There are 2 protein chains.
Amino acid sequence: MKPRDQLTPQKRKITIEDVAKAAGVSISTVSRVMNNNYHHMAEETKQKVLDAISALDYRPNALAKGLKQMKTNSIGLILANLQNPFWLLVLEGIEDACQEAGYSLLILNSRDDIEKEGNNVKEFLMRQLDGMIINPADGENALFNVLVDEQFPLVFLNRKVAGLNADTVVVDNVRGTTLAINHLVSLNKKKIAIFLYPTSGISPRLERIEGYKKALTEHGLEVDDSLIKIVENKDDCLEHIKQLFAGDEKPDAIFSTNNMLTLVILDALGELGIKVPEDISLLGYDETEWSKHLSPPLTTIKQPAYEMGRGAAERLIQSIKTNRQEEQWEPETIQFEPSLVVRRSCGESF
Amino acid sequence: MKPRDQLTPQKRKITIEDVAKAAGVSISTVSRVMNNNYHHMAEETKQKVLDAISALDYRPNALAKGLKQMKTNSIGLILANLQNPFWLLVLEGIEDACQEAGYSLLILNSRDDIEKEGNNVKEFLMRQLDGMIINPADGENALFNVLVDEQFPLVFLNRKVAGLNADTVVVDNVRGTTLAINHLVSLNKKKIAIFLYPTSGISPRLERIEGYKKALTEHGLEVDDSLIKIVENKDDCLEHIKQLFAGDEKPDAIFSTNNMLTLVILDALGELGIKVPEDISLLGYDETEWSKHLSPPLTTIKQPAYEMGRGAAERLIQSIKTNRQEEQWEPETIQFEPSLVVRRSCGESF
DNA sequence: GTGAAAGCGCTAACAA
DNA sequence: TTGTTAGCGCTTTCAC
């Protein structure tokens with residue numbers, strides 16, 4: 001007697017064997033029907049199997065299938081920061097692309113913790129996922145090199161990993177910053193501060209500083225390092241703004257490089273009684289649902305989040321489907337373009 | 001010759017057999033080490049195995065393990081709506097609880113589409129997940145009854161499913177609405193409109209209407225059905241507000257039952273030149289990061305989103321770990337309490 | 001056109 | 001204390 005028969009009948013799961021018995025065929029025939037492999041199968045046999053499948057409400061065990069086929073038809077997504085609603089849109093894009101291609105999506109959050117990120121990657125590897133999309137945390141992850149060497153299908157998202165020749169989907173951050181500075185300069189702003197979360201090795205943050213300096217220079221404006229403000233926390237932010245307003249020459253504008261940071265800045269400005277846009281202009285990175293409802297409505301740099309997500313997933317799936325034995329796979333960096341959304345937080349244009 | 005040996009050596013995955021060979025032991029010994037089952041294992045043997053594992057960078061195949069053990073140590077989450085940032089916090093709570101208990105989390109989005117929801121449930125079933133957390137879409141899902149009958153570990157989140165005796169984690173919506181109405185009445189508002197997305201069978205929406213009527217009645221105020229506004233889209237919302245202001249007696253307040261809807265209402269009010277809180281009070285459901293930055297800062301009903309997520313996951317894991325052969329499992333409804341966050345959108349209190 | 005059987009990588013019962 | 005082996009549910013050659 002087989003052990004599974006000892007379980008109560010209701011609780012036992014329906015297997016391919018049950019279907020085969022019910023249909024009066026062999027399990028390989030059932031398998032063929034399930035996988036649309038009826039080369040020259042008799043219509044009658046096929047129908048018998050189909051009937052048995054629906055009668056028993058059979059659902060094939062994906063573990064067994066995956067184990068046998070050495071693939072799971074699912075991909076993993078590792079996010080470094082879920083707090084930012086920007087990622088919700090990215091997620092939707094990824095999800096849509098997966099659904100269309102018949103892939104399932106497994107999501108893990110590394111919360112910008114490099115160790116957690118490593119565990120997440122290992123977790124996905126153990127689950128035999130066919131590929132991964134990773135928004136890398138700040139720091140070095142030795143596993144990435146191994147995966148790239150092994151040609152494991154991989155797409156990095158939003159952040160570039162230095163020294164790694166891998167598929168990467170990003171937004172042009174230099175361009176985004178340039179759009180911002182151009183707009184501010186066109187409104188006759190000259191003393192423009194930039195606020196960032198600690199940059200460390202995170203590429204978008206580095207690129208936004210780079211773009212800031214480049215754009216200022218192109219407009220013949222001097223780059224003043226005291227206008228580059230790294231914000232660790234709320235108190236920090238308040239302090240920076242106080243400093244900014246302490247000198248004789250008041251700043252004209254603040255360029256905030258993150259939508260959560262923008263809220264912190266607004267808080268601090270409010271606390272100090274500094275009015276936007278009367279006393280200072282404010283321009284934020286990332287367009288959100290609430291940008292236009294802030295006080296005042298916020299001028300922002302908009303990133304095509306949904307498209308980025310979709311692009312990354314499509315690229316990954318393409319990569320998975322490419323047989324590396326027969327074909328060469330050449331990693332690419334796909335770059336999306338940001339745009340400017342003008343509202344009232346930088347004052348009126350004329 | 002075994003087929004796997006035909007693959008190039010670098011690409012072949014390390015299996016338990018490789019580790020066993022490298023350590024000079026049997027595969028069952030390796031298995032014992034991996035699963036901490038060294039009853040009385042020689043320290044030396046254990047060390048040899050551990051060395052081989054790290055030398056080969058061995059990562060056990062979770063599919064094989066799951067297939068054998070008939071469990072996967074992972075749970076599924078089915079969300080009906082990812083757009084609302086409320087769910088990000090819920091997600092964090094679920095994730096934390098899972099991580100702590102050593103479970104992985106698989107997420108699927110049904111976008112309030114009952115058919116997609118069905119597919120998602122089936123997908124999870126095929127993957128042999130140990131349990132699911134479901135924020136059910138609007139409509140009847142016949143599968144739910146089957147799962148409950150089979151005692152499949154299941155927790156419903158935020159929305160109750162009518163006629164189903166299953167674990168459910170919700171926030172007290174009648175209480176939330178009562179808090180809102182009490183606050184408005186205390187500010188001497190009498191003509192209070194309620195705005196909702198189409199209710200259909202979705203429990204929180206129904207309960208919020210119920211709470212609204214109950215609270216008004218308790219304050220001796222008449223319930224006027226023309227003040228209950230169902231909003232399908234933006235134009236709809238504009239129309240409703242026009243109607244509201246068309247009569248002789250102007251409304252005192254709008255109670256918005258959804259944070260996305262609140263933004264739509266703000267839009268419409270702005271378009272019509274109606275000022276908050278001077279011309280009308282506005283009170284919103286769901287506290288968000290940006291609530292205090294809206295114009296004016298919004299008074300809201302806050303729901304303990306993180307705690308809800310965590311509570312649901314903990315309940316599910318407890319349910320999974322309970323052996324139904326030996327122990328009875330009694331489904332519960334766990335109810336969290338909302339609270340009121342007072343800001344300026346309802347006017348000053350005295 | 002269909003069936004028999006090997007085997008994917010692992011665990012656990014049983015042997016030694 | 002450690003090894004041998006059956007089998008989890010499925011796909012896929014190879015026979016017939």
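**Around DNA strand C and into the protein**

Helix α4(B) makes the largest contribution to the surface near DNA strand C, with 5 residues. Keep in mind as you look around that this is a predicted model. Helix α4(B) has company: α2 (27–34) and α4 (62–69) of chain A, along with α2 (27–34) and α4 (62–69) of chain B, each supply at least two residues of this surface. In total, 29 residues surround DNA strand C, and the closest are A:His40, A:Thr45, B:Ile16, B:Ser31 and B:Ala64. What kinds of residues make up the surface near DNA strand C? They divide into 12 nonpolar, 11 polar and 6 charged.

Now let's turn to a sheet in chain B. Here 6 strands form an open sheet with mixed pairing, in the order β7-β6-β8-β9-β10-β12. At the edges sit β7 (228–230) and β12 (339–341) of chain B, each pairing on one side only. From one strand to the next, the twist averages 20 degrees. Inside this sheet, β9 (residues 281–285) and β10 (residues 299–302) of chain B run parallel and are joined by 3 bridges. Try finding B:Tyr285, whose bridge partner in β10(B) is B:Ile301. Strands of a sheet pair through backbone hydrogen bonds. Helix α8 (residues 173–186) of chain B lies across β6, β8, β9, β10 and β12 of chain B, at about 165 degrees to β9(B).

Finally, look at the cores. In soluble globular proteins, nonpolar side chains tend to be buried together. The largest nonpolar core here has 84 residues, and B:Ile133 is one of those with the most contacts inside it. Among the residues that B:Ile133 touches are B:Ile75, B:Val155 and B:Leu316. A second, separate core of 71 residues includes A:Trp290 and B:Leu298.

Conventions: Residues numbered from 1 in each chain as written. Chains lettered and ligands numbered in written order. Predicted model: local features only at pLDDT ≥ 70, side-chain atom pairs only at ≥ 80, totals over all residues. Pairing = 2+ DSSP bridges. Helix = DSSP H or I, 4+ residues; strand = E, 2+ residues; numbered from the N terminus. Axes fitted to C-alpha atoms, helices over the stretch in contact; angles between N-to-C directions. Contact = placed C-beta atoms within 7 Å. Core = buried A, V, L, I, M, F, W, Y, C linked by C-beta atoms within 7 Å. Buried ≥ 20, exposed ≤ 12 C-beta atoms within 10 Å, placed from the backbone. Near = placed C-beta within 6 Å. Nonpolar A, V, L, I, M, F, W, Y, C, P; charged D, E, K, R; others polar. Lists of a residue's contacts leave out its neighbours within four places in sequence.
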